[in-house]
Amino acid sequence: MTGTLPAPVPSAAPPRGGARESSLLRRLLAQRSAAVALTMVVLLVLVALAAPLIAWAAGTSPTDFHSEAVDPALGGLPRGTGGGISATHWLGVEPGSGRDILARVVYGARVSLLIALLATAVSVALGTALGLVAGFFGGWTDTVVGRLMDLLMSFPALIFMIALISAAPGVNRQLLLVVVLGFFGWPYVGRIVRGQAMVLARGEFVAAARVLGASRRALLAREVLPNLSGPILVVATMSIPGYVATEAGLSFLGIGVRPPTPSWGQMIASAVPWYAADPVYFLVPGVFLFVTVLAFNVLGDAVRDALDPRSRRR
């Protein structure tokens, strides 16, 4: 997420007793593409959580070198066909080092999804808090927060990410990625929340609660914020694939996750010199990355449609 606003989100509406939230899963499952995407997302999350168990079942780890699986006479190419696929190495091995691709891919899923989910949490938390305050109170608060959003969104985010990450060589790279991605991502969330909060702040149900003596804190927590759950959920779901792709891109450039910690972008970068001789090593992380981004994008569209069925007819 480095330069474009997320897709349109459903307009906020007065409370409806949680009816839309309770029927969200049913509406998602009613769409075939959404059901498939949700299934893929659940499987990817399970694979990431079970990465140690999968590697144990395969009898290896992402950092084990298997010199017997590569042929020095061929420049380190895997022995056998299909990039060294065998009963021992189910998806083949890495050329040169002989590290097991399956173990590296499943651990790479854990790294990519963890960074993307935490970065989404940071951006959504900051964007929701600041956007809510700016939209509800207006005035100078809205001016200050709005100008801060404009300032951050005017930055060439990718260049600043590269510069900031490169300038901190001794910091935990995964934690730094979460902070940097979340920091540059919150204005996109904040702008959407701000607009929705401005509409809600002028709603009749808010005016009625104010007349009954509700404090500003109560209005924000009980009236406005619950009605923002739909837009926030949509933005969060559609932010995750952007962060997965950004992390992979930064790792591909060599400034993301550091070896020996596996990352899909890092694996694709190391596979570039070998793609003609060993396409399996190039295709496996590429397919996992493609499927992950596609599944989350389709799921994000489906969540938006489920919360606002009118968007499907536009």
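Me: Angles under 35 degrees count as roughly parallel, over 145 as roughly antiparallel, 65 to 115 as roughly perpendicular, and the rest as oblique. Are H7 and H8 roughly parallel or antiparallel to each other?

Reply: This is a predicted model, where local features need pLDDT of at least 70, side-chain atom pairs count only at pLDDT 80 or more, and totals for chains, interfaces and linings use all residues. Residues are numbered from 1 along each chain as its sequence is written, and side-chain values use heavy atoms, with hydrogens and water left out. The axes of H7 and H8 (lines fitted to C-alpha atoms, for helices over the stretch in contact, with angles from 0 to 180 degrees between N-to-C directions) cross at roughly 150° and come within 11 Å. H7 and H8 are therefore roughly antiparallel.

Me: Is the crossing of H7 past H8 left-handed or right-handed?

Reply: The handedness depends on how the near helix is turned from the far one by less than a right angle: anticlockwise is left-handed, clockwise is right-handed. For H7 passing H8, the crossing is right-handed.

Me: How do the residues of the contact of H7 with H8 divide by class?

Reply: Contact means heavy atoms within 4.5 Å. H7 brings Ala157, Phe160, Met161, Leu164 and Ile165, while H8 brings Arg173, Leu176, Leu177, Val180, Leu181 and Phe184. Ala, Val, Leu, Ile, Met, Phe, Trp, Tyr, Cys and Pro count as nonpolar, Asp, Glu, Lys and Arg as charged, and the others, Gly among them, as polar. The split is ten nonpolar, no polar and one charged.

Me: How many helices and strands are in the protein?

Reply: Both are DSSP runs numbered from the N terminus: helices are H or I with at least four residues, strands are E with at least two. The C-alpha trace spans about 80 × 45 × 35 Å along its principal axes. The count is 13 helices and two strands.

Me: What percentage of the protein's residues count as buried?

Reply: Buried means under 20% relative accessible area, exposed over 50%, and partly exposed in between, using a 1.4 Å probe and protein chains only. The protein has 314 residues, and the buried portion is 50%.

Me: Which helix gives the largest share of the largest nonpolar core?

Reply: A nonpolar core is a set of buried Ala, Val, Leu, Ile, Met, Phe, Trp, Tyr and Cys residues joined through side-chain atoms within 4.5 Å. The largest has 50 residues, and Leu28, Ile115, Met161, Ile165, Val244 and Leu289 have the most contacts inside it. At least two residues each come from H2, H3, H5, H7, H8, H11, H12 and H13. The largest share, twelve residues, is from H13.

Me: What is the orientation of H3 to H4?

Reply: Two packed helices are described by the angle between their axes and the distance between the axes. For H3 and H4 the angle is about 70° and the axes are 4 Å apart. That makes H3 and H4 roughly perpendicular.

Me: Which residues of H4 make the contact with H3?

Reply: By class, this contact of H3 with H4 has six nonpolar, no polar and no charged residues. H3 supplies Val47, Ala48 and Leu49, and from H4 come Ala51, Pro52 and Ile54.

Me: Is the peptide bond from proline 259 to proline 260 cis or trans?

Reply: Most residues other than glycine have a negative phi, and most peptide bonds are trans. Proline 260 sits in the loop between H11 and H12. Its bond from proline 259 has omega near 5°, and is cis.

Me: Is arginine 99 buried or exposed?

Reply: Arginine 99 lies in the loop between strand S2 and H5. Beyond four places in sequence, its contacts include Asp64, Glu94, Arg104 and Pro260. Its relative accessible area is 14%, so arginine 99 is buried.

Me: What is the relative accessible area of valine 224?

Reply: Valine 224 is in helix H10. Not counting residues up to four places away, it touches Leu132, Phe136, Ala197, Leu200, Val206 and Leu219. Valine 224 is buried because its relative accessible area is 0%.

Me: How far apart in space are valine 234 and arginine 304, C-alpha to C-alpha?

Reply: Valine 234 belongs to H11. It counts as buried, at 0% relative accessibility. Arginine 304 is 70 residues away in sequence, yet the C-alpha separation is 5.7 Å.
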